[in-house]
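Please open the model in your viewer and keep the selection tool at hand, as this tour moves from one selection to the next and says what is found at each stop.

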Amino acid sequence: MNATLQVSLQPAPKRLVAARVRAPLLDPGGAAVALGFNATEQGLVVPVVPSDHTMFAPRAACAAGDGSLWVADTGHHRLLGWKTLPSEDNEPAAVLVGQRSFGDEGRNGRGDPGPATLNVPTGIAACGNGVALADAWNHRVLVWLEPPRRHNQPADIVLGQESFASVDPNRSRESPAADRLFWPFGVAWDGARLWVADTGNRRVLVWDGMPTHSGQPADLVLGQGSFSCRDENSGGAPSAASMRWPHGITFMGSRVVVADAGNNRVMIWSRTPSSDGQPCDCVLGQPRPDAADHNQGDYFPGATTLNMPYAITAVADWLVVADTANSRLVAWHKLDMVDGAAASRLAGQDDWRAKGENRWRSPSRDSLCWPYGLGASGRHAIIADAGNNRILLWTWNEEIVT
């Protein structure tokens, strides 16, 4: 006997009425370009078959220094590249890394790991003249000294492993070290240092300068007191020095900012840390460093709360956070960065107390569903809208970039 289970995504609790946002973060007309979006005219999403223009839960995207666009197409275990920032919806990718063809999928291309295979790629960033990719389930970071020009161009450097053929967490050791990784989910480059969110080890690693050889150890660790520790929140309660699930990393002037998704907060250092385990100077999303609840214990969000913030970027005077589980972007002005401060710009929802995926409707050009990655290129936000299997190029509101 066949049965059909009907599930509603509409939340049951009755929420408070909140004022609409008067100062938007992004163009109210919606994204200028959508890549990978795979839906019928009726708005029904169809199965995501790999091709040169479809994506499956992409978790990161970035613009490289040469103007090319790179997308970690996470669910298809591949890296997609466009030679310039696309100007039309579903423009096909020009470069593929991780699979034999655009129609193939599978972890490590269904073969042995190597310098051009991927297993759940989750973070990507412009790095020097090239790009760095967090190849999460291969427990490594791949570095191309220049952006790939051809299909399956091998990476130049691997970090976290001794060779391109090795993919075990922490190099098969029980304890982490300065040259080991466990589920690295985020990467960033500040112009002088490479930063890696070594998420499974609950820490951020820092390399001074561009790494020059594979397996090179990091020079600094945050989130733990030493390179050999990996306990959640350093084995205790959340604090200004501990991390639970670090993910996104960005820089804003002299500030270093880390999205600590597991503690539902953003950590901010006013200057580049200089010692292992150095505590941050303030947190956003929580009223104080020892708090960690989703939306500060409330079902609905607010202007001061976060729920699993995975990604983060900076544009002009604004810090922008992908508040992933609330399916929205929120932003703070640089003058408002103190413990528990309220955000003042919003995108993806109509008001501060809303949290529905695509606002509990079909996907649209101005809706979000679990935005997992976030970047900026000129006047555009680059959003990895993972729950909608797409990348959005969405113009910043004029007041943000001027």
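Two strands pair if DSSP finds at least two bridges between them. With that in mind, and remembering that this is a predicted model, begin by selecting strand 22, residues 371–377, together with strand 23, residues 380–385. These two strands run antiparallel, and six bridges join them. To see one such contact, pick Ala-376, whose bridge partner in strand 23 is Ala-381. Next, select the turn: strand 22 and strand 23 form a hairpin with two residues between them, and Gly-378, which lies in the turn, has a positive phi of about 60 degrees. Strand 22 itself is mostly covered, with five of its seven residues buried.

Stay with strand 22 for a moment, since it also leads to the next stop, the largest pocket, where it is one of the elements that give two or more residues to the lining. The other elements of this kind to select are strand 2 (60–63), strand 6 (121–127), strand 10 (184–189), strand 14 (246–252) and strand 18 (309–315). The volume of the largest pocket is about 560 Å³. Of the 31 residues that line it, those closest to the centre are Ile-124, Ala-125, Ile-249, Ile-312 and Leu-374, so named that you can select them as a group. If you colour the lining by residue class, 21 residues are nonpolar, nine are polar and one is charged.

The last stops are salt bridges, of which the count comes to 21. Select Asp-385 and Arg-390, whose side chains meet in a salt bridge with 2.7 Å from N to O. Are these two partners buried or exposed? Because the cut-off for buried is under 20% relative accessible area, Asp-385 counts as buried at 0%, and Arg-390 counts as buried at 2%.

Salt bridges that share partners also join Arg-171, Asp-179 and Arg-180 into one network, which can be selected as a set. Within this network, Arg-171 forms a salt bridge with Asp-179, and their closest N and O atoms are 3.6 Å apart. Arg-171 has a relative accessibility of 15% and therefore counts as buried.

Finally, select Arg-78 and Asp-73, which form a salt bridge whose closest N and O atoms are 2.7 Å apart. Both Arg-78 and Asp-73 are buried.

Methods: Residues numbered from 1 in each chain as written. Predicted model: local features only at pLDDT ≥ 70, side-chain atom pairs only at ≥ 80, totals over all residues. Heavy atoms only, no water. Salt bridge = Lys/Arg side-chain N within 4 Å of Asp/Glu carboxyl O. Buried < 20%, exposed > 50% of the residue type's maximum accessible area, 1.4 Å probe, protein only. 1 Å grid on protein atoms, 1.4 Å probe; cavity = no way out; pocket = protein on both sides within 12 Å on 5 of 7 lines; lining within 4 Å. Points joined across faces, edges and corners; volume = space filled by probe spheres on them. Helix = DSSP H or I, 4+ residues; strand = E, 2+ residues; numbered from the N terminus. Nonpolar A, V, L, I, M, F, W, Y, C, P; charged D, E, K, R; others polar.
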